[in-house]
There are 2 protein chains.
Amino acid sequence: MESTEHSGRRQTATERRRRELLEAAERIVLRDGPDASMNAIAAEAGITKPILYRHFGDKGGLYRALAVRHTDALLANLATALDAPVLRRDQVEATLDAYLSAIEARPQVYRFLMHPSDEDNASESGFDVGRHSAPLLRRLGEELAKVITDRLDLGPGGELTARVWGHGIVGMMQHAGDWWLRERPCSREQLVKQLADLLWGQLAAVDDRTDGPGF
Amino acid sequence: MESTEHSGRRQTATERRRRELLEAAERIVLRDGPDASMNAIAAEAGITKPILYRHFGDKGGLYRALAVRHTDALLANLATALDAPVLRRDQVEATLDAYLSAIEARPQVYRFLMHPSDEDNASESGFDVGRHSAPLLRRLGEELAKVITDRLDLGPGGELTARVWGHGIVGMMQHAGDWWLRERPCSREQLVKQLADLLWGQLAAVDDRTDGPGF
DNA sequence: AGTGCGGTGTTACTAGCGGTAACCCGAAGT
DNA sequence: ACTTCGGGTTACCGCTAGTAACACCGCACT
């Protein structure tokens, strides 16, 4: 039927439009940071609000669409880092570095995803929050849990352990990265090394000051 | 002078009022979750918006006031957990447990502090974000870093290491706790044990599946 | 031909938010 | 008496997310 073929063409057309809109949204997010408004995005795309809402439902929908985009890209990066050799120091460091490189490369997008309504204006901090971070980070955590389950032999109850560790490690990475991005207290390599050390049990290894020697 | 004494009395009076307002705010936050509005808080306190603004400047000020309250309380709890014996398993577990108990006891307040504008409504998620979490978690991270610096002998560059670890551990705790609070996949004790294991280097210890034996 | 229909787009609006200016009133100070 | 001052109010601004209602255009069908 021509109607189906036509609808197929229409489909691709609207999808292309959708992607154009997303690119416009991304541009304005890059510019305005996390407080990008629907009006501004629509203006950037050369249209007006209601079509945005037709395409994405509500602001959450638009956010989610943007988020899955970046989350997918980030997950792909991390996957290549994770799929390299075995789960040894080098691999952990590579994974950490992949994440940190990503957030370092596009801090604005990162802030939008994590802290949707932040502003870096000095003393004035408005303050509403973004909850988008949760889905992204949860996906990361689950993904990491899968890798851990696949790679390590954790014995009985290992799935739970893997999930706890996955989410824990992701949280560690995210929060340390957030802090580092704000204060820039050291180079990325140093940060990666310190975090890997932490994961590698140095906290247990260095031991107490009065109890025993450092190393 | 009576004027100074009077001003002193006034001072305490306004501070008492302030605390009353904060308690009202807390009540409504407990009820309405993270999307508590200034109107609602003012109504709960039996007054109207502008006085709230006279006391706290802007919504951020009110939030900060609430946040320092809970942060102080939480930090006090954690401090007692941290100041017990030495930095050994038991202490780490006690600290983790203290944090998790706190967020378990008052999830609403916790959500307000961390994800200011969340809603657990199923498919519909409105979504603005809150950035308040940052100060709270940053304080926690720095505090933990201090403790680590005090307790452990990290050699040269130890301060940086301690800060990285402090923020990393806080992030791990926070995010794993967030996930756990949502999914409740296990008991608190189990979670604490798994996280302590992770910090204790089990990730390095269990080793790869093809490479070597578990332990 | 013409007639409907799905798509894109607009203007104009609502409801509610954070935040503020202007005013009001009762109690202290001189 | 008269002023000043702090707690309190009404009424507003500007903004946001989100929504009708309407206009237009191209295509298909009869």
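Colleague: A residue is buried if 20 or more other C-beta atoms lie within 10 Å of its own, exposed if 12 or fewer, and partly exposed in between, with C-beta atoms placed from the backbone. What percentage of the 215 residues in chain A is buried?

Modeller: This is a predicted model, in which local features need pLDDT of at least 70 and side-chain atom pairs count only at pLDDT 80 or more, while totals for chains, interfaces and linings use all residues. Residues are numbered from 1 along each chain as its sequence is written, and chains are lettered from A and ligands numbered from 1 in the order in which they are written. For chain A, with its 215 residues, the buried share is 37%.

Colleague: Which residues of chain A have a pLDDT that stays under 50?

Modeller: The mean pLDDT (the predictor's confidence in each residue, from 0 to 100) of chain A is 80, and 79% of its residues reach 70 or more. The pLDDT is below 50 over residues 211-215 of chain A, a stretch with 7 contacts in the model beyond near neighbours in sequence (a contact being C-beta atoms within 7 Å). The other such stretch, for which the model has 40 contacts beyond four places in sequence, is residues 118-130.

Colleague: How many helices does chain A have?

Modeller: Helices (DSSP H or I, at least four residues) and strands (E, at least two) are numbered from the N terminus, and the elements of chain A run α-α-α-α-α-α-α-α-α-α from that end. Chain A has 0 strands, and its number of helices is 10.

Colleague: At what angle do the axes of α4(A) and α5(A) cross, and how do their contact residues divide?

Modeller: The axes, lines fitted to C-alpha atoms over the stretch in contact with angles running from 0 to 180 degrees between N-to-C directions, come within 8 Å for α4(A) (residues 59-82) and α5(A) (residues 89-105), and they cross at roughly 160°. That makes the two helices roughly antiparallel (over 145 degrees; under 35 is roughly parallel, 65 to 115 roughly perpendicular, the rest oblique). Residues L74(A), N77(A), L78(A), A81(A) and L82(A) of α4(A) meet a set in α5(A) that includes Q91(A), A94(A) and Y99(A). The angle is thus roughly 160°, and the contact residues divide into 8 nonpolar (Ala, Val, Leu, Ile, Met, Phe, Trp, Tyr, Cys, Pro), 3 polar (the others, Gly among them) and no charged (Asp, Glu, Lys, Arg).

Colleague: How many charged residues are in the contact of α5(A) with α9(A)?

Modeller: The axes of α5(A) and α9(A) (residues 188-199) come within 9 Å and cross at roughly 135°, and the two helices are therefore oblique to each other. Among the residues of α5(A) that meet α9(A) are R89(A), E93(A), D97(A) and E104(A), while R188(A) is one of those in α9(A). Alongside 8 nonpolar and no polar residues, the charged residues number 5.

Colleague: Which helix of chain B packs with α9(A) at an angle of about 65°?

Modeller: L191(A), Q194(A), L195(A) and L198(A) in α9(A) meet T161(B), V164(B), W165(B) and G168(B) across the chains. These contact residues divide into 5 nonpolar, 3 polar and no charged. With the axes 10 Å apart, the partner, residues 158-183 of chain B, is helix α8.

Colleague: Is R184(A) buried or exposed?

Modeller: R184(A) lies in the loop between α8 (158-183) and α9 of chain A, and it has a positive phi of about 45° although it is not a glycine. Most residues other than glycine have a negative phi. With 11 other C-beta atoms within 10 Å, R184(A) is exposed.

Notes:
Contact = placed C-beta atoms within 7 Å.
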